[in-house]
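Dear colleague,

I am passing on the structure we spoke about, and I would be glad if you could look through it alongside the notes below.

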Amino acid sequence: MAFSIGLIILMGLAADLVFRRLKLPGFMGMLLVGMTVGPHGLDLMAPEMVGVSEDFREIALVVLLLRAGLGLNRSTLRRVGALTIGMSCLPNLFELAAVVVTAHWLLGFGLVEGAILGAVLGTASLSVVVPKALDYIDRGRGALKGIPTLLLASCPLDNVFMIVLFTFFAGMYGAAQVRLLSALAQIPGAIVLGVLSGVLPGYVLYRLFGKYDRCAQRGALALLGASILLVWLENAHQGIVTFSSLFGVMTMAFILLEKAEPVAFVISQRLQKLRVFAELLLFVLLGARVNIPVIGQVGFEAIAVIVGGLACRSLGVGLALLGSGFDGREKLFCAVSWLSKGTAQAALGAIPLAAGVAFGEEILAIVVLSIVMTAPVSAILMGFLGERVLDKGEPSPYRFKELRLKLGLPRVGARVRSKRYGTVWKVIEEKETWIEKPRLPGNVQDSPVLLPAISLRYWRRDADGEDAAGKTISFRYSQFDPSFNDHWEIVHDWRDSPRHRGV
C-alpha cells in the first residue's frame with residue numbers, strides 16, 4: 001500500500017499543478033489520476049487503498065465541516081443577513097427536486113435514490129467558490145454590495161445543509177417507502193440533538209486548550225479526533241437515538257470560534273494544511289472507484305439530469321436574491337458561482353455504492369460527470385463576469401496576505417511574547433508599506449525596485465495597571481528584514497496568564 005500512497009501523492013500533485021497552470025480547478029486533475037490508476041483503468045493501486053477510501057472520505061468530510069464552522073463567525077453572518085439563509089437553502093432544494101424528478105423519469109431511479117443523488121449534487125464547490133470570493137474581497141471587488149462576502153458566508157452553509165439531508169436520505173434507504181413521513185419528521189429533532197451533542201465536547205476542548213496546552217497543532221488534532229468520534233457515535237447508535245453528528249461537529253468549531261477566536265484562526269490554518277492532503281486522497285480515490293463504462297451507459301440522460309438540476313438551481317438563486325438590490329448582471333454572477341461541483345461531491349459520491357444503494361454505480365458516474373462538466377465552466381465564468389460585474393470598492397486592508405502568511409505574522413489584537421525577555425505584548429497596529437530593495441554592494445546603476453513590507457506596532461501595559469500608560473515599539477518585516485520568529489512567538493492562549501494579566 002505504501003507504493004499506492006506514494007503514487008497517489010506524486011501523480012495527484014503533478015496533475016493539480018498542471019490544471020492550475022491551465023487556470024482550471026486542480027482537483028479535476030486528481031480525479032483523472034484516480035480514474036487512470038484505479039482498478040477500472042491501469043489498475044496500479046493496491047486493493048487495500050480502495051478498501052480504506054471510506055475512512056479517508058469520512059475524515060475529509062469532517063475537516064470540511066470544521067473549516068466551515070471555524071470560518072463562520074456571527075459578525076460575518078450579520079453582514080449579509082437573511083440572504084445567507086436563502087442562498088444556502090433555496091437553490092439546493094430547487095436542484096434537489098429537479099434531480100428527483102428527472103432521475104426518476106430518465107434513469108428509472110426510485111424517489112429515495114433520486115433524493116440521495118439530488119443531495120449529493122445540490123451543493124456548490126468550496127474549492128471553486130471560496131478562493132475566487134477571497135480574491136475579490138482582497139482586491140475590493142464587490143465590496144459595496146458585499147456579493148463576495150455573501151458567497152463566502154453562504155457556501156459552507158450550503159454544503160452543510162445538503163450533507164445533513166444526504167445523511168437522512170441515506171438512512172431512510174430500504175424502509176423509506178413505508179416510513180417516509182416519519183423519517184422526515186425526525187429531522188428537526190435530530191438537528192437539535194446534533195447541536196446539543198457538540199456543546200459539551202466543544203466547551204471541554206475550549207477549557208482544556210486554555211488550561212493545559214497552547215499548541216495549535218495539537219489543538220487541531222484534538223478537535224479533529226473529537227469530531228471523528230462524534231461521527232462514529234452517531235453511526236454506532238443509529239437504532240437507539242437519532243442525531244446529526246455533523247451539526248455537532250459544526251457546533252464544536254463554532255464554540256471555539258466564539259470563545260477563542262485567535263486560537264480558532266490558527267487551528268483553521270492547521271486544518272487547511274491537513275485538508276490539502278485529505279482532498280488529494282479524496283479525489284484520487286473517488287476517481288479510482290469510477291466504473292468508466294458506466295459513464296457511457298448513463299450518457300445523455302445523466303447530462304440531462306445534471307443540466308435540469310442546474311437550471312432549477314439558478315432559478316432558486318434568483319428567488320433567494322429577490323429584494324437584495326442586486327441588478328441582473330450581479331444576480332447572473334451569483335448564479336454561475338453556484339453551479340460548480342467539487343469537494344462535497346467527492347466526499348459523498350461513492351458512499352451510496354459502498355452502502356449497497358441501488359443505482360450506486362450510476363450515482364457515482366453522474367457525480368463525477370457533474371464535477372467535470374461544472375467546475376471548469378463555473379471557475380472560468382466567475383473570473384470573467386466578476387471582473388466586469390462587481391463594483392470596485394475599497395481594497396481589503398490585508399492586500400499583502402501572502403507576505404503575512406509567509407512571514408507568519410500575527411493579526412491586530414493578538415498577543416506575542418519576546419523570546420529574549422519573556423514579556424508579553426499586544427499587536428495594536430498593522431501598516432502595509434513599500435520599501436526599496438537593497439542594492440548590491442558597488443552597484444549604483446540599478447533602478448530602485450519596490451517590495452512589500454508590513455510594519456507591526458506592539459504595546460505593553462505598565463506594571464502599575466494604568467490602561468493609558470505603557471510602552472509601544474514598532475518593527476518592520478519583509479523578505480530582507482529579520483524574521484518575526486527570530487525574536488517573537490505568538491501566544492495562542494486566549495486568556496490572560498497570571499504573569500501578564502491585562503496585556
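What follows is a short account of the overall fold and then of the salt bridges.

Please keep in mind throughout that this is a predicted model. The protein chain has 503 residues, of which 50% count as buried, and its secondary structure comprises 21 helices and 5 strands. Among contacts between residues at least 6 apart in sequence, 77% join residues that are at least 24 apart. The chain exposes about 23,500 Å², with carbon and sulfur atoms supplying 62% of that area.

The structure holds 7 salt bridges, and Glu95, Asp158, Arg313 and Lys341 are linked in a network of them. Within this network, glutamate 95 pairs with arginine 313, their closest N and O atoms being 3.0 Å apart. Because glutamate 95 lies in helix α6 (residues 82–107) and arginine 313 in helix α15 (residues 292–320), this salt bridge ties together parts that are 218 residues apart in sequence. Glutamate 95 also forms a salt bridge with lysine 341, again with the closest N and O atoms 3.0 Å apart; since lysine 341 sits in the loop between α16 (328–337) and α17 (343–348), that pair ties together parts 246 residues apart in sequence. Glutamate 95 is buried at a relative accessible area of 2%, arginine 313 is buried at 0%, and lysine 341 is buried at 1%.

A further salt bridge joins glutamate 330 to lysine 145, with the closest N and O atoms 2.9 Å apart. Here glutamate 330, in helix α16, is linked to the loop between α8 (126–138) and α9 (147–172), 185 residues away. Glutamate 330 is buried, with a relative accessible area of 4%, whereas lysine 145 is partly exposed at 37%.

With best regards

Note on methods
Residues numbered from 1 in each chain as written. Predicted model: local features only at pLDDT ≥ 70, side-chain atom pairs only at ≥ 80, totals over all residues. Heavy atoms only, no water. Helix = DSSP H or I, 4+ residues; strand = E, 2+ residues; numbered from the N terminus. Buried < 20%, exposed > 50% of the residue type's maximum accessible area, 1.4 Å probe, protein only. Contact = heavy atoms within 4.5 Å. Areas by Shrake-Rupley, 256 points an atom, 1.4 Å probe, with all protein chains shown as cover. Salt bridge = Lys/Arg side-chain N within 4 Å of Asp/Glu carboxyl O.
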